[in-house]
Structure formats: C-alpha cells, structure tokens
Amino acid sequence: MRILVSNDDGYFSPGIALLAERLGALGEVTVVAPERDRSGASNSLTLDRPLTVRRAANGFRYVNGTPTDCVHIALTGLVDPAPDLVVSGINFGANMGDDTIYSGTVAAAMEGFLFGIPSIAFSLASKTGRNFETAGAVAVDIVKRATRHPLERPMLLNVNVPDVPLAALGGIEVTRLGRRHKAEPVVQMETPRGETAYWIGAAGDAQDAGPGTDFHSVAAGRVSVTPLQIDLSFHPQMAPLREWLAK
Ligand code: MN
C-alpha cells in the first residue's frame with residue numbers, strides 16, 4: 001500500500017513525523033508537506049507563481065505552497081504511481097465544526113478525495129500537544145481498517161482525537177460537525193510606524209455541541225470520526241428558491 005502524507009503545520013512538525021513513522025509500518029509512505037505553518041490555508045491553490053519541491057534530510061519533501069498545493073502536485077506528477085490513501089496530520093489542534101471550512105489539514109485530505117482517493121485527516125484536539133502518541137495509535141487503527149475493509153465509495157474522514165493517554169480514551173464515535181459561536185473579536189494594535197494592524201482573533205467556543213457532534217464526542221474523551229462530503233449545494237432550498245425566482 002502506498003500512502004501519501006501531508007499536513008498544514010509544516011514538514012518539520014512533530015505530528016507529521018509521528019504519523020509518517022507509524023504509517024510506515026503499514027505501507028510505503030511519501031511525505032509532501034508545506035515548508036512552513038500554513039494552518040488556516042483551507043483549499044487554496046497557488047496559481048500566481050511556480051512552486052519548488054525540496055527534500056529534507058529525513059526524506060520528507062517540502063513545498064513553498066499550501067497543503068492543497070502539496071497534495072495536488074503529488075497527485076499530478078510528483079508521486080508515481082498514485083497513492084492508495086492520502087493521510088493528513090496529525091494536526092496540532094482540533095479541527096471540528098466550522099474549523100473544517102478553514103482547515104488546511106482537512107483541505108489536504110479533501111484534495112486527495114477530489115482525485116478519487118480515500119483520504120483521512122487526523123487532528124489532536126489540544127492546545128498543549130501532550131499525547132500525539134494517542135493520535136498516532138488511532139491513525140494506525142483507522143488506516144488498517146480502511147485498507148482491510150474499504151468503504152464502498154471513496155471516503156473523506158475527519159478524525160479528532162482527545163489529548164489523553166491511549167488507555168484513557170473512551171472509545172470511538174461517528175459524529176456530525178457541530179457549530180461554533182462567531183469568532184472572537186479581531187485584535188487591534190499599533191505598528192511601529194503608527195498604522196493600525198489587525199490580527200484575526202481566536203475561533204469561537206462550541207455552540208452546537210450536543211450529543212452526536214464532534215465537539216461532544218471529544219469533550220467526552222472519545223475519538224470523533226466525521227464522514228465529509230464536498231457538495232455545498234443546499235438541496236432543501238432549491239424548491240423554495242425556484243418559487244422565489246418565479247415571483
Ligand atoms: Mn495546523
């Protein structure tokens with residue numbers, strides 16, 4: 001089995017090193033990841049300049065672009081033959097609810113899925129990053145399942161792992177995305193040259209976080225696994241919209 005590994009924290013991050021090492025026991029791993037932290041890059045492609053791919057001492061390849069660039073380049077010429085699986089992470093920090101819209105971790109997996117390859121994003125739901133090992137063990141378990149018993153249709157899974165020792169995990173749960181409150185206010189500051197600068201604030205706290213959501217699962221100490229799709233069409237609004245346009 002060939003596994004393409006990427007992330008959005010950068011090729012030097014502890015999460016991707018651990019992921020590549022653990023998955024190396026299951027197949028042939030190729031790492032193509034951003035040269036710096038591109039968290040929050042979402043699904044952006046770099047189209048206004050050419051990109052370079054360099055090889056680090058440990059064999060990881062790094063790109064001066066986004067997570068989506070990395071997987072796109074890998075799947076359109078850099079990595080041959082194509083991988084059987086694209087795995088992204090392990091992100092330092094949760095990617096739950098609305099985070100998935102902004103996440104480069106999820107975007108890297110989504111790019112694989114767009115190419116018809118089963119893809120999985122792993123995130124450690126944590127601000128301190130104590131138990132990456134737990135997420136590494138969860139990744140091995142889920143990737144093994146994905147290869148032994150593939151789902152009928154290619155899947156795009158968003159996995160969030162609580163930051164607890166493996167023995168303290170409360171199980172695994174299939175969830176839907178919750179929702180957050182609106183983001184914290186932007187932080188304003190004055191630059192040394194007297195201009196006002198704006199620093200995007202933190203994500204909001206969980207709002208729709210009841211049973212069945214990713215937030216609820218992780219807060220209860222369980223691994224959250226959300227199957228994602230890409231179709232953004234709001235199907236229930238199509239009929240009312242037709243009527244509205246006919247008026
Ligand atoms: Mn990140």
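**Entry 1: ground rules, then helix H4**

I count a residue as buried when its relative accessible area is under 20%. I also keep in mind that this is a predicted model.

With that cut-off I went to helix H4, residues 104–114, and found 10 of its 11 residues buried, so the rest of the structure largely encloses this helix. The buried ones, as I jotted them down, are Gly104, Thr105, Val106, Ala107, Ala108, Ala109, Met110, Glu111, Gly112 and Phe113.

What covers the buried residues of H4? I found helices and strands in the cover: it includes E1, helix H2 (67–78), strand E5 (85–92), helix H3 (99–102), strand E6 (119–125) and strand E7 (156–162).

I then checked both ends of the helix. At the N-terminal end Ser103 acts as the cap, with a side-chain oxygen 3.0 Å from the backbone nitrogen of Thr105. Past the other end, just after H4, I noted Gly116 with a positive phi of about 85°.

**Entry 2: the whole protein**

I stepped back for the overall numbers. I count 7 helices and 13 strands in the protein. For 247 residues, a compact globule would have a radius of gyration near 18 Å, and I get 19 Å, which agrees. Along the principal axes, the C-alpha atoms fill a box of roughly 55 × 50 × 45 Å.

On burial, 46% of the 247 residues make the cut. I put the accessible surface at about 13,400 Å², and 55% of that belongs to carbon and sulfur atoms. I also looked at contact order: among contacts with a separation of 6 or more, 74% are between residues 24 or more positions apart.

**Entry 3: Ser6**

Next I picked Ser6, which sits in strand E1 (residues 2–6). Is Ser6 buried or exposed? Its relative accessible area is 1%, so I wrote it down as buried.

Its side chain reaches the backbone oxygen of Val32 at 2.7 Å. Leaving out residues up to four places away in sequence, I see Ser6 touching Ile16, Val32, Ala33, Pro34, Pro67, Cys70, Val71, Val87, Ser88, Gly89 and Ala108. Ala108 is a name I already had, from the buried residues of H4, and E1 is in the cover of that helix.

**Entry 4: salt bridges**

Side chains of opposite charge can pair when their charged atoms come close. I searched the whole structure and got 7 salt bridges.

I looked at Asp98 with Arg179, where the closest N and O atoms are 3.2 Å apart. Asp98 is in the loop between E5 and H3 while Arg179 is in strand E9 (residues 179–180), so this pair ties together parts that are 81 residues apart in sequence. Asp98 has a relative accessible area of 19%, so I have it as buried, under the 20% cut-off.

Then I turned to Arg180 and Asp99, whose side chains meet in a salt bridge at 2.6 Å, N to O. This pair also links distant parts of the chain, with Arg180 in strand E9 and Asp99 in helix H3, 81 residues apart. I find Arg180 buried, and Asp99 as well.

Glu21 and Arg22 gave me another salt bridge, with the closest N and O atoms 2.8 Å apart. How exposed is Glu21? I read 53% relative accessibility, so Glu21 counts as exposed. Arg22 comes out partly exposed at 24%. These residues do not stop at a pair: Glu21, Arg22 and Glu133 are linked in a network of salt bridges.

**Entry 5: Thr147 in helix H5**

From Glu133 I moved along to Thr147, which I located in helix H5 (residues 132–148). I measure nothing here by hand; the C-alpha atoms of Thr147 and Glu133 are separated by 21 Å, with their positions 14 residues apart along the chain.

Thr147 has 35% relative accessibility, so I list it as partly exposed. Its side chain reaches the backbone oxygen of Lys144 at 2.9 Å.

**Entry 6: a nonpolar patch**

Last, I went looking on the surface. Which residues form the nonpolar patch there? I have Val187, Met189, Trp199 and Ile200, with about 460 Å² of accessible area together.

I followed up on Ile200, which I placed in the loop between strand E11 (196–199) and strand E12 (206–208). At 74% relative accessible area, Ile200 counts as exposed.

Definitions and conventions. Residues numbered from 1 in each chain as written. Predicted model: local features only at pLDDT ≥ 70, side-chain atom pairs only at ≥ 80, totals over all residues. Heavy atoms only, no water. Helix = DSSP H or I, 4+ residues; strand = E, 2+ residues; numbered from the N terminus. Buried < 20%, exposed > 50% of the residue type's maximum accessible area, 1.4 Å probe, protein only. Polar contact = N/O pair within 3.5 Å; in protein donor to acceptor, adjacent residues only side chain to side chain. Contact = heavy atoms within 4.5 Å. Patch = residues over 30% accessible without salt bridge, like charges linked within 9 Å, V, L, I, M, F, W, Y side chains within 5 Å. Areas by Shrake-Rupley, 256 points an atom, 1.4 Å probe, with all protein chains shown as cover. Salt bridge = Lys/Arg side-chain N within 4 Å of Asp/Glu carboxyl O. Rg over C-alpha atoms; globule rule 2.2 N^0.38 Å.
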